[in-house]
Amino acid sequence: MGCTRGSKSPLQESRKNPPRSSFDAASMNPIDLLVIAVACGAFAWTLARYAPTAMPKAGLAAQGVLGVYTGLMVRDISFSALGSHWPIVVGITVSTLVVSVAGGALLGLHRDVSPLTGGLALVAGGSSGLVAIAKDLGGDDRVVAAVQYLRVALITAAMPAVAAIFFHANAADATQMSETGSLAWYVQLPLIAVIVSVGVLVGRYVRLPGSGLIGPMAITIALELTGLVQGFAVPMLLVQFGIMMIVWQTLLTFDRESLRAVRRILPGAFALIMILNVAAARLGVVLSDEAGLSMLDGYLATSPGGIYAVLGTAAGSGSNVAFVMAAQVIRVVIMLFAAPFVARLFTRFAPQGAPAGAPRRELIPVAA
């Protein structure tokens, strides 16, 4: 149906006068905007001033949920995909751990970072889990959180560019591991509570550092490998709530001085993360030669972070997804299990006068 000359079609009219939503900021007068800004500022100030900075029981529960979720990752390890190459995968993971610990030792030379905190901050795996147990292991969870999330952000941001420029691959959107549980929620939630409770109690009984995370993770891995928890999964909403709880408690402990200290730390941490990424890529070359993989598969399998971006890139580029997935899960699990031993290592061999063994809520210059 045509339009008469001089009249405007509905499409032209809509382009000239686009529909405006009822919450269009342009339609609000300055008084409205001022009231909203003041209300948001008052809410943020109230939250920062009166919100509890420490909720031990809630934090412990959040650690346990992350431990169960991480433990269930082992079901994604395809031993048939690894074949006879699993020793080299484990060896590459241990080599990545050594490189990251060495980088952490260098970061610990900074006057605002203790050796123990530096070591935990650059462990290449399980960023949220490491932040959750950093304080329990004697580190400064604020520094660990800043450096760990910087590591994940940098590696995730660089991965599509590296895949496209060096390997001519198309990276798909980052994906998350889907929930494959077939058990009803009213069965899953009590089972999670039992695993977390038993894991924490047993971990404390054997004096396991970071028992809130490591204990439930170890029990879950044992149950998964023995096939006793078929159809079991942690609801993603519960996982996200646990991560939010851990990050929230960490953020509320920041003050102006600690923010200044973290700002001084980040340039050095940035350089060390780049070195770690290059070293991991070199280990990927070794893995590809030994296991007969493509260079892209080797790079993705040894990437020291960004597991969801790794899986998205592998799926979008036609890589060996099963092998890459298995290698990445092995990395995360080994790194989290190794974190308490890394903490003990730095506590034992830290220079005299360095406050490496006691938890600190203030960033104090480390004695040389």
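This is a short dialogue on reading confidence, packing and empty space in a predicted model.

Visitor: What should be known about the model before its features are read?

Guide: The model is predicted, so to speak of a local feature pLDDT (the predictor's confidence in each residue, from 0 to 100) of at least 70 is needed, side-chain atom pairs count only at pLDDT 80 or more, and totals for chains, interfaces and linings use all residues. Residues are numbered from 1 along each chain as its sequence is written, and side-chain values use heavy atoms, with hydrogens and water left out.

Visitor: Which elements have the lowest and the highest mean pLDDT?

Guide: For the protein chain the mean pLDDT is 80, and 76% of the residues reach 70 or more. Among the elements, helix H1 (residues 10-16) has the lowest mean, 45, and H5 the highest, 94; helices here are DSSP runs of H or I with at least four residues, strands are runs of E with at least two, and both are numbered from the N terminus. Residues 9-30 have pLDDT below 50, with 7 contacts (heavy atoms within 4.5 Å) beyond near neighbours in sequence. Over residues 352-368 pLDDT also stays under 50, and there the model has 42 contacts beyond four places in sequence.

Visitor: How many helices and strands does the protein chain have?

Guide: The chain has 15 helices and 0 strands, and 45% of its 368 residues count as buried, where buried means under 20% relative accessible area, exposed over 50%, and partly exposed in between (1.4 Å probe, protein chains only).

Visitor: Which residues touch the most other members of the largest nonpolar core?

Guide: A nonpolar core is a set of buried Ala, Val, Leu, Ile, Met, Phe, Trp, Tyr and Cys residues joined through side-chain atoms within 4.5 Å. The largest one has 64 residues, of which Val234 and Leu287 touch the most other members, and its largest share, 15 residues, comes from helix H15 (residues 321-349). Another core, of 12 residues, lies apart from it and includes Ile155 and Val324.

Visitor: How much space lies in the largest cavity, and which residues line it?

Guide: Rolling a probe the size of a water molecule over the atoms shows where empty space is left. On a 1 Å grid over the protein atoms alone, a cavity is a set of points where a 1.4 Å probe fits but cannot get out, and lining residues have an atom within 4 Å of a point. The largest cavity holds about 60 Å³, and its lining includes Leu287, Thr302 and Arg331. Helix H5 (86-107) gives the largest share of that lining, 4 residues.

Notes
1 Å grid on protein atoms, 1.4 Å probe; cavity = no way out; pocket = protein on both sides within 12 Å on 5 of 7 lines; lining within 4 Å. Points joined across faces, edges and corners; volume = space filled by probe spheres on them.
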